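Biologist: Could you pick out one part of this model for me and take a close look at it? I would love to hear how you would describe its surroundings, with the cut-offs behind each term.

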Amino acid sequence: SGSGKTTCARTILRGLTPTRGDVHFQTNGSRINLSTVPERKIKPLRRKMQMIFQDPFSSLNPRMTVGDIVGEPLVIHRMAKGTELTDRVVDMLSKVGLKPEHRQRYPHAFSGGQRQRIGIARALAVEPEFLVCDEPVSALDFSVQAQIINLLRDLQAELGLTYLFIAHDLAVVEYMSDEVIVMRRGKIIEHAP
């Protein structure tokens, strides 16, 4: 706690401007230094990089339906509208284990695990290449954690995603990771397969 994991993740996604160092992102065969990309050129890159937040309840707008929440990134990035938008929202909900009729409901009507599935669907809606998973299961019951972790693994294999998975639980880290980095006070103190 307090080691800088979330700050690092937000800096990688350019939610925060880096004060030093480089952040390299490889997409479409080219390598981009995100730390030097002008703000006006970040929006197209954001579509390729998305985040799943720790607290599924506070990360979802309580005044929006699930359909609007999952569809909003598609509208912002001008990827779909009308019936195509509805179809893509339904497809995303189905991918994460929710029903088409759930799109008419509001976040408060769902359990914590279901809300996290909504957050995952929202992140996947724009077909990203890279997902930052910022402690996506720490706020969930133990039995639900396993379901969400397995969902994330299945989606990673199906969609060819790269994850930056932030967690305290070393068993979860071992299960999810190819490489592990341990941070303390904003610095990497260990890095290993």
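Modeller: Happily; let's begin with Cys-133, whose bridge partner in strand 5 is Phe-165. Please keep in mind that this is a predicted model, in which local features need pLDDT of at least 70 and side-chain atom pairs count only at pLDDT 80 or more, while totals for chains, interfaces and linings use all residues. Residues are numbered from 1 along each chain as its sequence is written, and side-chain values use heavy atoms, leaving out hydrogens and water.

Strand 4 (residues 130–134) runs parallel to strand 5, and five bridges join them. Helices (H or I, at least four residues) and strands (E, at least two) are DSSP runs, numbered from the N terminus; two strands pair if DSSP finds at least two bridges between them. The pairing belongs to an open sheet of three strands in the order 3-4-5, with parallel pairing. At its edges lie strand 3 (49–52) and strand 5 (162–166), each pairing on one side only. On average, neighbouring strands of this sheet are turned by 15 degrees against each other, direction ignored. Helix 1 (residues 5–12) packs on the sheet and touches strand 3, strand 4 and strand 5; the direction of helix 1 makes about 155 degrees with that of strand 5. Axes here are lines fitted to C-alpha atoms, for helices over the stretch in contact, and angles run from 0 to 180 degrees between N-to-C directions.

Next come the helix contacts. Helix 3 (residues 66–76) and helix 4 (residues 82–95) have axes 9 Å apart and pack at an angle of about 115 degrees, so they are roughly perpendicular to each other. By angle, under 35 degrees counts as roughly parallel, over 145 as roughly antiparallel, 65 to 115 as roughly perpendicular and the rest as oblique. Their crossing is right-handed, a label for a near helix turned clockwise from the far one by less than a right angle, with anticlockwise giving left-handed. With contact taken as heavy atoms within 4.5 Å, Val-66, Gly-67, Val-70, Gly-71, Leu-74 and Val-75 of helix 3 meet Leu-85, Arg-88, Val-89, Met-92 and Leu-93 of helix 4. These residues divide into eight nonpolar, two polar and one charged (Ala, Val, Leu, Ile, Met, Phe, Trp, Tyr, Cys and Pro count as nonpolar, Asp, Glu, Lys and Arg as charged, and the others, Gly among them, as polar).

Helix 3 also packs against helix 5 (residues 112–124): the axes come within 7 Å and cross at roughly 30 degrees, which means that helix 3 is roughly parallel to helix 5. This crossing, too, is right-handed. Here Val-66, Ile-69, Val-70 and Pro-73 from helix 3 meet Ile-118, Ala-121 and Arg-122 from helix 5, a set of six nonpolar, no polar and one charged.

Finally, back to strands. Strand 6 (residues 180–184) and strand 7 (residues 187–192) pair in the antiparallel sense over five bridges, with Val-180 opposite Ala-192. They form a hairpin with two residues between them, and Arg-185 in the turn has a positive phi of about 50 degrees. Strand 1 (residues 24–27) runs antiparallel to strand 2 (residues 30–33), joined by four bridges, and Gln-26 has Arg-31 as its bridge partner. That hairpin has two residues between its strands, with Asn-28 in the turn at a positive phi of about 50 degrees.
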